[in-house]
Amino acid sequence: MSRTPAIGVVGGGIGGLVAAGLLARSGARVTLYEQEARLGGKAQRLQSGRTVLDTGPTLLTMPAVVHGTFEALGAGDLLPRTVALSPQCEYRWADGSGFLVHPELAATCEAVEALSPGEGRSAEAFYAAAADIHRAAGEPYLEAPFEGVGKFLARVVRRGPAAMLRGMQLPTLHALAARHFRDARLRQFVGRFATYAGASPYLASAAFALIPHLERVEGVHHVEGGMGALVAALETAVRRLGVEVRLGTRGSWSRTGGRWRVGPAGDEAPVDAVVINADPLAGSPAPGAPLAMSGYVLLLEAPVRSRLRHHTVLFSSDGRREFEEIFSGRVPSDPTVYVCHPAATDGGLAAPGTSGLFVMANVPPTGEAFLPEAERLRERCIAAVEALDPSLRGRLRVLGERTPVDFQRQGAPGGSLYGFLPHGRLGPFRRPRAHAAPGLVYAGGGTHPGGGVPLVMLSGRFAAMQVSAELEARA
């Protein structure tokens, strides 16, 4: 192709921004259409006075992927500073018990032993198994675009017969936890990592054990200024590369005469390829198709500086019942509650002597059917925060909330945060193909490799790779 290729990118979330920037840097003329007034997709933030809270993702893992993405964009100078958290997270139960997860394995094992005598060695064995799972399945899954089970298995085989055998024998995540821990609380801790993909640990593959492995090895990080600072840096990077960004413009796409057209409805322009930064299931979900969980987010402000750590999880008293309720379409009666207190690390995100808190519970992707439950869940979440830090009792002010309805309006089917539900042994490998048709590629958390900031960045990198390869093949 001797002329400059034209690319349309529909959606300005993190995946769309990364794909747009990389394609522009490769020499393409790129136009990005974003229906909202701001870029970032789900990675938005709320500011009330001096309190700043992310309303989407709140933690960063796999920092090498983030650094590598900014370098690939020629934007290493724009990357915000990141801070490795220590401890990484506090896990609590209603009976007052709990433990801290640290970057150092020995410290985590000591904390587990203090919680449940005899289980410290079990924690060490669990993390060793998680490392094996990452080598056998995680590395080949993350290193390239997913183009079918055959190519994925070929990458697994290159790691030797032990890796192949390990992958074929993966149980559910809960079963893996039960192999290592007697204490139900520690099994619940392991099961928590299935929720990173909107899944149940009782039905999802033990492949998700690679997440605690990566958190231990690569750390859990905070972006100074919050995720909004990361989005702002990506926006600066793509504009610097010459991407035309059209905010407040809903992009549509169609194929006419063998060529794609992209742009506002009725005013589409011909392009050589399209990147869609949206959930592939949003356009035509199969009737009754199971979806990954949604979430209820409550944004709070306190007139005192909370004693809570940066990340805290207060577990449900009955984890199995919680997941059974969610996957039967009901808001859980006793939800696990996650709290992010960013000012614990980044004091500039709240005025001195105050705190902003991001609070989240998992809920089913039921769209507007969720709304009658909102008040009850709001009260449960506030009660959970007050139980975690009694100094906040009666002093919390609601700044805002996000429900499945809000996520559905952004294009998420049913408000599902992750779209595709990766249940079953091969669940993670059944995600919708990113390369949907000649000249049409998806990016974002709904396609390979999945949700979370670094994986969405990888999806944008993979989308750019696939588009570039196709354009070269046509030349």
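What follows is a walk through the fold of this protein, from its overall build to a few individual residues. The model is predicted.

Starting with the big picture, the protein is built from 15 helices and 20 strands. Its radius of gyration comes out at 22 Å, close to the 23 Å given by the globule rule for 475 residues, so the protein is as compact as a globular protein of that length. Along the principal axes, the C-alpha atoms fill a box of roughly 70 × 55 × 45 Å. Of the 475 residues, 59% are buried. Looking at contacts between residues at least 6 apart in sequence, 71% link residues at least 24 apart.

On the outside, the accessible surface adds up to about 18700 Å², and carbon and sulfur atoms account for 52% of that. As for charge, there are 49 positive and 43 negative side chains, and the centres of the two sets sit 3 Å apart.

Two helices give a feel for how the pieces pack. Helix α13 covers residues 374-388, and at 1.5 Å a residue its 15 residues should span 21 Å; the C-alpha atoms at its ends are 21 Å apart, so the expected and modelled spans agree. Its buried residues are A374, L377, C381, I382, A384, V385, E386 and L388. An α-helix makes a turn every 3.6 residues, so residues three or four places apart point the same way. The cover over the buried residues of α13 includes a set of strands, namely β6 (89-92), β14 (294-302), β15 (311-314), β16 (337-340), β17 (355-363) and β18 (397-402).

Helix α9 is made of residues 210-218, and here L210, I211, P212, H213, L214 and E215 are buried. The packing partner for the buried residues of α9 is α4 (120-142). Right after α9 comes G219, with a positive phi near 90°.

Helix α2 (residues 63-72) holds G68. With a relative accessible area of 25%, G68 is partly exposed; the cut-off for buried is under 20%. G68 and R409 are 341 residues apart along the chain, and their C-alpha atoms are separated by 32 Å.

The backbone has a few spots worth a look. Most residues other than glycine have a negative phi, and most peptide bonds are trans. M62 is a residue other than glycine with a positive phi, near 50°. It is found in the loop between β4 (51-54) and α2. At 8% relative accessibility, M62 is buried. Then there are two cis peptide bonds to point out. One runs from S86 to P87, with omega near 0°, and P87 belongs to the loop between β5 (82-84) and β6. Another runs from H448 to P449, with omega near 5°; P449 is in the loop between β20 (440-442) and α15 (453-474).

The loop between β5 and β6 also contains L85. L85 is buried, at a relative accessible area of 5%. Setting aside neighbours within four places in sequence, L85 is in contact with P103, V220, H222, H310, H311 and T345. The C-alpha atoms of L85 and R309 are separated by 9.8 Å, though the two residues are 224 apart along the chain.

One of those contacts of L85, H311, has its place in strand β15. H311 is buried too, at 3% relative accessibility. Again leaving out neighbours within four places in sequence, H311 is in contact with T58, L59, L85, Q88, C89, E90, V220, Y338, V339 and C340. V220 turns up in the contacts of both L85 and H311.

The last stop is V274, in strand β13 (residues 273-276). At 0% relative accessibility, V274 counts as buried. Not counting residues up to four places away in sequence, V274 touches G8, V10, W253, W260, V262, G439, L440 and V441. L440 and V441 are among these contacts, and they fall within β20, residues 440-442. The C-alpha atoms of V274 and R261, 13 residues apart along the chain, are separated by 8.3 Å.

Methods
Residues numbered from 1 in each chain as written. Predicted model: local features only at pLDDT ≥ 70, side-chain atom pairs only at ≥ 80, totals over all residues. Heavy atoms only, no water. Helix = DSSP H or I, 4+ residues; strand = E, 2+ residues; numbered from the N terminus. Rg over C-alpha atoms; globule rule 2.2 N^0.38 Å. Buried < 20%, exposed > 50% of the residue type's maximum accessible area, 1.4 Å probe, protein only. Contact = heavy atoms within 4.5 Å. Areas by Shrake-Rupley, 256 points an atom, 1.4 Å probe, with all protein chains shown as cover. Lys, Arg positive; Asp, Glu negative; His and termini not counted. Charge placed at Lys NZ, Arg CZ, Asp CG, Glu CD. Expected span 1.5 Å × (residues − 1).
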